[in-house]
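Please open the structure in your viewer and keep the selection tool at hand. This tour moves from one selection to the next and says what is there at each stop.

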Amino acid sequence: MEDFCAKFVSQKISKTRWRPLPPGSLQTAETFATGSWDNEENYVSLWSIGDFGNVDSDGGFEGEHQLLCDIKHHGDVMDLQFFDQERIVTASSTGCVTVFLHHPNNQTLSVSQQWTTAHYHTGPGSPSRSNAPCTGVVCDNPEIVTVGEDGRINLFRADHKEAVRTIDNADSSTLHAVTFLRTPEILTVNSIGQLKIWDFRKQGNEPSQILSLTGDRVPLHCVDRHPNQQHVVATGGQDGMLSIWDVRQGTMPVSLLKAHEAEMWEVHFHPSNPDHLFTCSEDGSLWHWDASTDVPEKSSLFNQGVRSSTFLSHSISNQANVHQSLISSWLSTDPAKDRIEITSLLPSRTLSVNSLDVLGPCLVCGTDAEAIYVTRQLFS
């Protein structure tokens, strides 16, 4: 069982993200941000894990994560991403998108930029607007893409007052999450089980590709792209299933993996070790999925809550034509590789685990139980 440090913070945590390390840096993650929701006052906060993870003389772990600074946030924090080392972008339930600037000299956060009506509903036949929650944001400096309950996609640039591009009626249903496939292309997931790919080089409001879950239109809540193989995408949804997609072929998932017992809120490939994937759920669980080829030898590492799972769904029809070494372990249908080790990371079920992030050996997650869990020991 990994050693997790829990800190109770008196607010429900909706999002948590590690601050990215400078390019070429050899240090490990030390600072993360959180956003809260469903509290009388919501906050964006920065935390340091400092000495946490250093073993003291008794063999225990020193310290816990310390609050560096925080700032009030209008509305629930629906999503949160680091734009760069100093700036954090948040999506609000009020439809506002805010860029916060961290001042390390005096450890404060300030608002550096804001698009207050990024997302809104327009009433039928009336000019009046009502706020629509901004549900997702993704950053690729200098660009910021946002999606919302209004089915709108915005492309912003840092230091520009207006949106560079808006696709007004991108979707008739709620867009829940967005990620970059490659710089001009984004991928969105919606409340009727569809993935849509959008190319900002093209004019018009039509996606360049639509993929969808067959049968029930199960809402998809989260999406992540494989860090090295941009055609490999993972999604999670209301039924707790993990879906792996190859956007180059077909319109359905390559594999469906039976997963959580309730909504999956986030899915993340490990950024530097993408055979490992992490998911969290409304059912209070946080899972580590290991699809590396030497799973059987590694099972001794995990002594708590190990489950095994197999691919349930369709295989790739033209697998034989693809050079084997180029195939991600997530797309492989070789029977020997169909075992995926799933490890439950939290010692006991809690209220909903809303968000997680991984960087190097470090993982952070935030919960409705008003707790933040951190480990620096992911692969030890």
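How many cavities of 30 Å³ or more does a search of the whole structure find? In this predicted model, the search finds one, and its volume is about 50 Å³.

To see what surrounds this cavity, select Arg165, Ile167, Trp198, Asp199, Phe200, Lys202, Gln203, Gly204 and Glu206, which line it. If you colour these lining residues by character, they divide into three nonpolar, two polar and four charged. Now show the strands as well, and look for strand 15 (165–167) and strand 18 (194–199), each of which supplies at least two residues of the lining.

Next, follow strand 15 away from the cavity and into its sheet, which is an open sheet of four strands in the order 12-13-14-15, with antiparallel pairing. Strand 12 (134–140) and strand 15 stand at the edges, and because each has a single partner strand, one side of each is left without a neighbour in the sheet. As you rotate the view, compare the directions of neighbouring strands, which are turned by 15° against each other on average, direction ignored.

For the last stop, select residues 143–148, which form strand 13, together with residues 153–157, which form strand 14. These two strands pair in the antiparallel sense over five bridges. Which residue in strand 14 does Ile144 stand opposite? Select Ile144 and look across to strand 14, where Phe156 is the residue opposite.

Notes
Residues numbered from 1 in each chain as written. Predicted model: local features only at pLDDT ≥ 70, side-chain atom pairs only at ≥ 80, totals over all residues. Heavy atoms only, no water. 1 Å grid on protein atoms, 1.4 Å probe; cavity = no way out; pocket = protein on both sides within 12 Å on 5 of 7 lines; lining within 4 Å. Points joined across faces, edges and corners; volume = space filled by probe spheres on them. Nonpolar A, V, L, I, M, F, W, Y, C, P; charged D, E, K, R; others polar. Pairing = 2+ DSSP bridges. Axes fitted to C-alpha atoms, helices over the stretch in contact; angles between N-to-C directions.
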